[in-house]
Amino acid sequence: MFIVFVGPPGAGKGTQARRIGRWLDVPHLSTGDMLREARHEKTDLGARATQYIDAGRLVPDELILDMVKDRIEQEDCQSGCLLDGFPRNVQQAQKLDQMLADRATPLNVVVEIQVEDDELRTRILKRAEIEGRADDTPDTVSRRLDVYRSQTEPVLAHYRKVDKVEPVDGQGTPDEIFERIASAIKKRS
Ligand code: AMP
């Protein structure tokens with residue numbers, strides 16, 4: 001199964017995506033995690049991505065697209081994967097559609113995790129205390145929310161046109177949210 005997770009920063013997307021990946025036994029690909037890892041390992045990609053991540057902006061598509069393409073071409077992704085944090089804009093969505101069309105593997109579903117803005121800010125500031133992420137400061141969070149509204153929400157519109165989107169209420173306990181996502185995915189599998 002090919003599944004895309006979309007949701008604003010702080011929606012709990014990463015936590016749920018990891019859990020769904022284990023449940024379905026498919027690789028969980030988080031572009032945010034891949035970039036943070038590249039940065040930690042001081043690769044060229046990591047160095048080039050850092051300024052964008054810290055500013056709460058999107059890393060340029062040319063850096064992201066090669067990274068994703070290389071990863072989904074690997075053996076363990078042949079029968080599916082769960083994409084978390086990608087595609088982040090319409091251009092990336094079009095490239096993903098092309099990559100999947102080239103290998104004749106359709107996208108099953110785009111899970112949209114919905115959480116209200118006030119709740120997002122509270123959750124991110126709490127996460128900042130625990131994980132110490134450099135891009136979890138109040139200013140950066142506002143920028144990331146703006147980027148989500150202006151660049152990532154159009155990705156949802158793109159996939160709504162082809163009836164791929166399953167909206168899920170992202171408020172409640174982690175178990176409740178997991179159950180909602182699992183039943184949304186079952187409907188599409
Ligand atoms: P995330 O962990 O998904 O919240 O991503 C953290 C940061 O990594 C984002 O604010 C962006 O700067 C960058 N990033 C992650 N995924 C992408 C992507 N698909 N396209 C561009 N930038 C990305």
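These are my notebook entries on the ligand and two residues in a predicted model.

**Entry 1: the ligand**

I began with the ligand and asked which residues are closest to it. I found 17 residues around the ligand, and the closest are Thr 31, Arg 36, Arg 57, Gly 85 and Gln 92. Next I checked which helix gives the largest share of this shell. That is helix H2, residues 31-40, with 4 residues.

Then I looked up some atom pairs. A polar atom in the side chain of Thr 31 sits 2.8 Å from a ligand nitrogen. The side chain of Arg 36 has an N or O atom 3.0 Å from an oxygen atom of the ligand. With Val 59, I had to look at the backbone: one of its N or O atoms is 3.0 Å from a nitrogen atom of the ligand. How much of the ligand's accessible area does the protein cover? On its own the ligand has 480 Å² of accessible area, and the protein covers 95% of that. I also looked at the space that the ligand takes, and I noted that it is the largest pocket.

**Entry 2: Asp 136**

My next stop was Asp 136, in the loop that runs between helix H6 (117-131) and helix H7 (138-160). Is Asp 136 buried or exposed? Its relative accessibility is 2%, and buried means under 20%, so Asp 136 counts as buried.

I then followed its side chain to see what it meets. One polar contact, 3.0 Å long, links it to the side chain of Arg 127. Another polar contact, also listed at 3.0 Å, links it to the side chain of Arg 144. Both arginines turn up again in the contacts of Asp 136 once I leave out neighbours within four places in sequence. Ile 124, Leu 125, Ala 128 and Val 141 are in that set too.

**Entry 3: Val 115**

Last, I looked up Val 115, which I found in the loop between strand S4 (109-114) and H6. Why does Val 115 count as buried? Its relative accessibility is 9%, which is under the 20% cut-off, so Val 115 is classed as buried.

I wanted to know which residues Val 115 touches, apart from those up to four places away in sequence. My list reads Pro 8, Ala 11, Leu 120, Arg 123, Gly 170 and Gln 171. I also took one distance along the way: Leu 100 is 15 residues from Val 115 along the chain, and their C-alpha atoms are 29 Å apart.

Conventions: Residues are numbered from 1 along each chain as its sequence is written. This is a predicted model: local features need pLDDT of at least 70, side-chain atom pairs count only at pLDDT 80 or more; totals for chains, interfaces and linings use all residues. Side-chain values use heavy atoms; hydrogens and water are left out. Helices (H or I, at least four residues) and strands (E, at least two) are DSSP runs, numbered from the N terminus. Buried means under 20% relative accessible area, exposed over 50%, partly exposed in between (1.4 Å probe, protein chains only). A polar contact is a pair of N or O atoms within 3.5 Å; within protein, one must be able to donate a hydrogen and the other to accept it, and residues adjacent in sequence count only if both atoms are side-chain atoms. Contact means heavy atoms within 4.5 Å. A residue is near a molecule or strand if one of its heavy atoms lies within 4 Å of it. Accessible areas come from the Shrake-Rupley method with a 1.4 Å probe; for residues, only the protein chains shown count as cover. On a 1 Å grid over the protein atoms alone, a cavity is a set of points where a 1.4 Å probe fits but cannot get out, and a pocket is an open set with protein on both sides within 12 Å along at least five of seven lines; lining residues have an atom within 4 Å of a point. A molecule sits in a cavity or pocket if more than half of its atoms lie within 2 Å of its grid points.
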